[in-house]
Amino acid sequence: MWRLLAGFVLLLCAADATPVALGESRTVPDFGKMYHVKGELNLPHSELKEPFEVWYDLEGNRSRIDYRNGTVRTFLIGNDSDYGVIYQITPVTTRTEIQAIKYFQLKGTKEDPIRPQSALPDLQDFEFEKMEDCAGVQCEVWKKVTQAGHKKNTYRLWVKRPEGNDSPAVPYHFEMEGFNTLLEFHNDKYMIDYSDFSSQTESDIFTPPGGMTYVEFPDPPEEHQILANPLQDYVSTSPVSHAHRLFGPFKEKFQRKYESEKEHEERESYFLHTLRLVHSTNRAGLTYSLGINHFADRSEAEKARMTGGLLIPGRKKAVTK
C-alpha cells in the first residue's frame, strides 16, 4: 500500500497479514558476510528522504557507504592504523567556502575500534512475527522491542525469500517506531527501503582516494561519531543512540534546565529530530549549511514564533549557522 504524505510517497507494509501455522518455524535471515545494497532513509518528522549505497565485506574488515548518490563517501577500514580508520570525503559549506571538498578521518581506539558498518540491523533477539503483503510483495516480518527509561522502540524488518522458507533472505523494508511511556505517544519514527541487494561486490570499491591529506573532523568532538558514520544510529537497535548522547552536551552548552521530567523528554525529542535534520541536510552538498543552536530543542511552532517565521529552503531559519 502507498500513501501520499506531505509531498512524499511512503511505502506502507501493514496490510493483509497472513497467519502462521502452529509449529511453523522460520530461519533467522542471514545476509552473508559480503553484500552490496542500495537504500533510502525516510525521516517523516523532517519530511526528508536520503538515498545511500553500501558495500560490506566482513571478512575483509571493511565497508563503504555513499550518501546522496556519492555526494558524501565514507570508507570504514578496520585494518588501517592500530584500531581502524573511517575516511570521509564530503562537500563543506561555510561562510567562506561553498561545497569545498574536504577529507576527514576518524581513528578507532582500543575501547571503540572501527568495524565494518552494516546496512542492516543485527537480527540477534529478533523474532518472527508474521507474513505480510508489503506493496504487493509477500514478506516475512521480524520484530524486536527494546526499552530504556521512557523510550520503548519497536523495530521491524521485512524480508523476501525468493526461493522458499529456508532460502537466503533479501532485505525489503526496515522500520523503527518509538513510543515514550511518559509522554504517552509515539514520538519517533524512521524507515529504510532497500533495493538492488547482491551478495557480490568489487574489491577496489573499498579503497579511499590516495594522495590526500585527511584531517580530524571539526568540533565539537562529541559529534565525530555521527559525522563519520551516520548510518550506525539508524540500523542499531539500541534505544539510546549517539544522537541521544549529544543532548547532554547541548544542555550544558546552552544552560538548559527543564521544569519537569516530562518537559525534558519533550525537549530531547525535538533535539533528536533537529539533529537528524541538520546532518542529513548537510550531506546533500547544498549552497548553505545547517547547525545546532539554542533553538534545537524547540518545536517548529516555537521556532516560527521566536524567529518571526523567517525561512530557508525547506526549513526554519532557526537551525542555520
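Contacts that reach far along the sequence do much of the work of describing this predicted model. Of the contacts in the protein chain with a separation of 6 or more, 55% are between residues 24 or more positions apart. The chain itself has 321 residues, and 48% of them are buried. Its secondary structure comes to six helices and 17 strands. As for the outside, about 16300 Å² is exposed, with carbon and sulfur atoms supplying 48% of that area.

**How far to trust it**

The average pLDDT for the protein chain is 89, and 88% of the residues score at least 70. Two stretches call for some care, and here they are side by side.

| Stretch | pLDDT | Contacts in the model |
|---|---|---|
| Residues 1-10 | below 50 | 23, beyond near neighbours in sequence |
| Residues 312-321 | under 50 | 34, beyond four places in sequence |

Where pLDDT is low, the predicted coordinates should not be read in detail. So take the 23 contacts of residues 1-10 and the 34 contacts of residues 312-321 with that caution in mind.

**Helix α5**

Now for a helix you can check with a bit of arithmetic. Helix α5 covers residues 261-282, and at 1.5 Å a residue its 22 residues should span 32 Å. The C-alpha atoms at its ends are indeed 32 Å apart in the model, so expectation and model agree. How enclosed is α5 by the rest of the structure? Largely so, because 16 of its 22 residues are buried.

Thr281 sits in this helix. With a relative accessible area of 8%, Thr281 falls under the 20% cut-off and therefore counts as buried. Leaving aside residues up to four places away in sequence, Thr281 touches Leu48, Arg68, Leu286, Tyr288 and Leu290.

**Helix α6**

Helix α6 runs over residues 300-307, and its buried residues are Glu302, Lys303 and Thr307. On which side of α6 do they lie? They share the same side, because they cover an arc of only 115 degrees around the axis. There is a general pattern to keep in mind here: an α-helix has 3.6 residues a turn, so residues three or four places apart point the same way.

Lys303, in helix α6, deserves a second look. Its relative accessibility is just 1%, so Lys303 counts as buried. The Lys303 side chain also makes a polar contact of 3.3 Å with the side chain of Glu300. Just after α6 comes Gly308, which takes a positive phi of about 70 degrees.

Conventions:
Residues are numbered from 1 along each chain as its sequence is written. This is a predicted model: local features need pLDDT of at least 70, side-chain atom pairs count only at pLDDT 80 or more; totals for chains, interfaces and linings use all residues. Side-chain values use heavy atoms; hydrogens and water are left out. Helices (H or I, at least four residues) and strands (E, at least two) are DSSP runs, numbered from the N terminus. The expected span of a helix is 1.5 Å times one less than its number of residues. Buried means under 20% relative accessible area, exposed over 50%, partly exposed in between (1.4 Å probe, protein chains only). Contact means heavy atoms within 4.5 Å. Accessible areas come from the Shrake-Rupley method with a 1.4 Å probe; for residues, only the protein chains shown count as cover. The arc is that of the directions from the helix axis to the C-beta atoms. A polar contact is a pair of N or O atoms within 3.5 Å; within protein, one must be able to donate a hydrogen and the other to accept it, and residues adjacent in sequence count only if both atoms are side-chain atoms. pLDDT is the predictor's confidence in each residue, from 0 to 100.
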